[in-house]
Amino acid sequence: MAKIIIEGGNKLSGSVKVGGAKNAALPIMAGAILSEGPVVLSNIPHLNDVETMEKVLSALGITCKKLGPGTIELSSHSGISEEAPYELVKTMRASFFVMGPLLGRLKKARIPLPGGCAIGVRPVDIHLKGFEMLGARVSLDAGCAVATADKLVGAPIMLDFPSVGATENLMMAAVYAEGTTVINNAAREPEIVDLGNFLNSMGAKVSGAGTPSVTIEGVKSLTGTNYSIISDRIEAGTFLALGSLFEGPISVENCNPDSLHAVTAKLQEMGTDLKIEDSKIIVRGPTRIKPIEIKTLPFPGFPTDLQAQFTAALCLSEGASLITETVFENRFMHVSELIRMGAKLNIRDRTVVINGVDKLIGAPVMATDLRAGAAMVIAGLVAEGITEIGNVHHIDRGYDNFVDRLKGLGAKITRQEQDNHA
Ligand code: UD1
């Protein structure tokens, strides 16, 4: 099992380039199921989750061809299967994104329920209710969600919660429905906008993506397309959280500051000096960051996917900070790992109370999930001494070449593929 080993305390500065957005790439790749022509996608990040989606699509009968670094071609020459294999779906919840496009194109889909994960129960009831609103018959059979329809008919759908995945799945199912679908209380994340733009580039009629009301007028067919994925705002936010702890400057390049307003506002409250340009943000940390309060919310609120990284940074603030997690019920696995490094943290219901300390001290710790893993890297880079992070495969799900890019900023960090003590 791979490990990341960090000798903390080195001064970091320089520039780092943000890659394509994982959470935009995954639903867009699934959306290729809808196309009758080849779909060429660029700015695809090199991540384990992307590879898993390629495997899911291959298992369904979609050909995945690598055309060059970050560019893939997805095409369905022959028949597509409506059934995704459990062995793949269980490893990545986002595999469930294939259900909407399969139902849209084939009028049938059979997808294993993804189950829970380290950050919560994560049901898919909102997705399934929406499919029913479009006229599908939905049932559960041997651990699988099964949906069938003679035809899908556009309808108004009200989501109980602005779920990102449900909004995306329903947008894709509705593309081939007869008539007009309006998804109300839709998620507004930039990745929803990217999916809408991608679908439109194939001839779909999606409007309002990025607002609480997304309208999809059904069409008869979609063509192939060439489409480039947006940059990853969570990766950008991770480097910015790191940058708040160093004099720097650290220049986070190839990002979209418009998708990071909630994050840059908090960084400014923390006392960092930010220079925000068209596609880059330069961060300089203060001598000591100020304590703040954060509440995670659906976009445009502060992203839950940056909660762990900001918790790590605020461990070193001058005073007490509060971070309340409202999106997931149990996303605090990183807290006990940070405590092992000398952080003073308490969980009260859905809030972490962070009493700032003067320093963190390196320790062997675990990446308990993807973003918790990034939080441990941030903590390790600023801690005194050596931090060894285990379960690095979680980090590989969402950060491409993380170790080398941090080395580029001056970090003393290495990756060990083999655990010698194993
Ligand atoms: C997506 C992101 C994930 C991010 C999350 C919230 C991808 C691949 N993943 O996940 O990184 O943390 O948005 O920004 O894009 N819920 C239900 N029933 C449902 C669907 C969701 O109760 O049918 C609940 C979930 O358990 C969770 C909350 O709604 O508590 C938000 O989930 P959702 O927005 O759907 O997140 P994902 O699409 O799974």
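## A strand with two partners

In this predicted model, Ile183 has Val214 in β12 as its bridge partner. That pair belongs to a bigger match-up: strand β10 (residues 180-184) and β12 run antiparallel and are joined by 5 bridges. If pairing is new to you, strands of a sheet pair through backbone hydrogen bonds, either parallel or antiparallel.

β12 also pairs with strand β11 (residues 205-207), again in the antiparallel sense, this time over 3 bridges. Here Lys205 stands opposite Glu217 in β12. β11 and β12 make a hairpin, with 5 residues between them. Look at Gly208 in the turn: its phi is positive, about 85°.

Which residues of β12 (residues 213-217) are on its covered face, and which on its uncovered one? Val214 and Ile216 sit on the covered face, while Ser213, Thr215 and Glu217 are on the uncovered face. So Val214, the partner of Ile183, is on the covered side, and Glu217, across from Lys205, is on the uncovered side.

## An open sheet of four

Now for another part of the fold. Here 4 strands form an open sheet with mixed pairing, in the order β4-β5-β3-β13. β4 (63-68) and β13 (225-228) are the edge strands, and each has a single partner, so one side of each has no neighbour in the sheet. On average, neighbouring strands in this sheet are turned by 20° against each other, ignoring direction.

At the β4 edge, β4 pairs with strand β5 (residues 71-75) in the antiparallel sense over 5 bridges. One of the matches is Gly68 with Thr71 in β5. Elsewhere, helix α7 (residues 190-201) lies across β3 (39-42) and β13, running at about 160° to β13.

## Two helices side by side

Next, find helix α8 (residues 233-243) and helix α10 (residues 307-314): their axes come within 9 Å and cross at roughly 5°. The two are therefore roughly parallel to each other.

What do they touch with? From α8 come Ile234, Gly237, Thr238 and Ala241, which meet Gln309, Phe310 and Ala313 in α10. This contact is made up of 4 nonpolar residues, 3 polar ones and no charged ones.

## The whole protein

Zooming out, the protein has 14 helices and 23 strands. Its radius of gyration is 21 Å, close to the 22 Å that the globule rule gives for 422 residues, so it is as compact as a globular protein of that length. Along its principal axes, the C-alpha trace spans about 65 × 45 × 40 Å.

Buried residues make up 56% of the 422. Among contacts between residues at least 6 apart in sequence, 73% join residues at least 24 apart.

Methods
Residues are numbered from 1 along each chain as its sequence is written. This is a predicted model: local features need pLDDT of at least 70, side-chain atom pairs count only at pLDDT 80 or more; totals for chains, interfaces and linings use all residues. Side-chain values use heavy atoms; hydrogens and water are left out. Two strands pair if DSSP finds at least two bridges between them. Axes are lines fitted to C-alpha atoms, for helices over the stretch in contact, and angles run from 0 to 180 degrees between N-to-C directions. Contact means heavy atoms within 4.5 Å. Angles under 35 degrees count as roughly parallel, over 145 as roughly antiparallel, 65 to 115 as roughly perpendicular and the rest as oblique. Ala, Val, Leu, Ile, Met, Phe, Trp, Tyr, Cys and Pro count as nonpolar, Asp, Glu, Lys and Arg as charged, and the others, Gly among them, as polar. The radius of gyration is taken over C-alpha atoms; the globule rule is 2.2 Å times the number of residues to the power 0.38. Buried means under 20% relative accessible area, exposed over 50%, partly exposed in between (1.4 Å probe, protein chains only).
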